[in-house]
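User: I would like to learn how to read a structure like this one. Where do we begin?

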Amino acid sequence: MENTMTGMDYKIREVARRIRELREISGFTVEEMAARTDLSVEEYIACESGSRNMSIAFLYRCVLIFGVDMGDLLEGRSPRL
């Protein structure tokens, strides 16, 4: 079970890293993304750092904001990522 959690934590950090990179490439500030994803700045920072589990609603909003597919965001398969 411990290995599964470690693997899951790694995946969460990878998704968080993709979101941060897409935000930076898109030129959005943390504050703008927090507002666009309907989170407080503190909640958004926790998601982007990978220290908080991300809801489906948060991930879906990110997909819409960045114009990528959910699979691309979660798995990093797209050349855009």
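Analyst: With the secondary structure elements. Helices, of at least four residues, and strands, of at least two, are DSSP runs, numbered from the N terminus. In this predicted model, the elements of the chain run α-α-α-α-α from the N terminus on.

User: How many helices and strands is that?

Analyst: The chain has 5 helices and 0 strands. Of its 81 residues, 36% are buried.

User: How do I read the burial pattern of a helix?

Analyst: An α-helix has 3.6 residues a turn, so residues three or four places apart point the same way. Take α4, residues 56–66: Phe58, Leu59, Cys62, Val63 and Phe66 are buried. Viewed down the axis of α4, these buried residues fall within an arc of 140°, so they line one face of the helix. Ile56 and Leu64, on the other side of α4, are exposed.

User: What follows α4?

Analyst: Glycine 67, with a positive phi, near 70°.

User: One of those buried residues is a cysteine. How many disulfides does the structure hold?

Analyst: A disulfide is a covalent bond between the sulfur atoms of two cysteines. The cut-off here is a sulfur pair within 2.5 Å. The structure holds 0 disulfides.

User: Why is cysteine 47 not bonded to cysteine 62?

Analyst: The closest cysteine sulfur to that of cysteine 47 is in cysteine 62, 7.9 Å away, which is too far for a bond.

User: Are these two cysteines buried or exposed?

Analyst: Cysteine 47 counts as buried, because its relative accessibility is 2%. Cysteine 62 also counts as buried, at 0%.

Notes
Residues numbered from 1 in each chain as written. Predicted model: local features only at pLDDT ≥ 70, side-chain atom pairs only at ≥ 80, totals over all residues. Heavy atoms only, no water. Buried < 20%, exposed > 50% of the residue type's maximum accessible area, 1.4 Å probe, protein only. Arc of directions from axis to C-beta.
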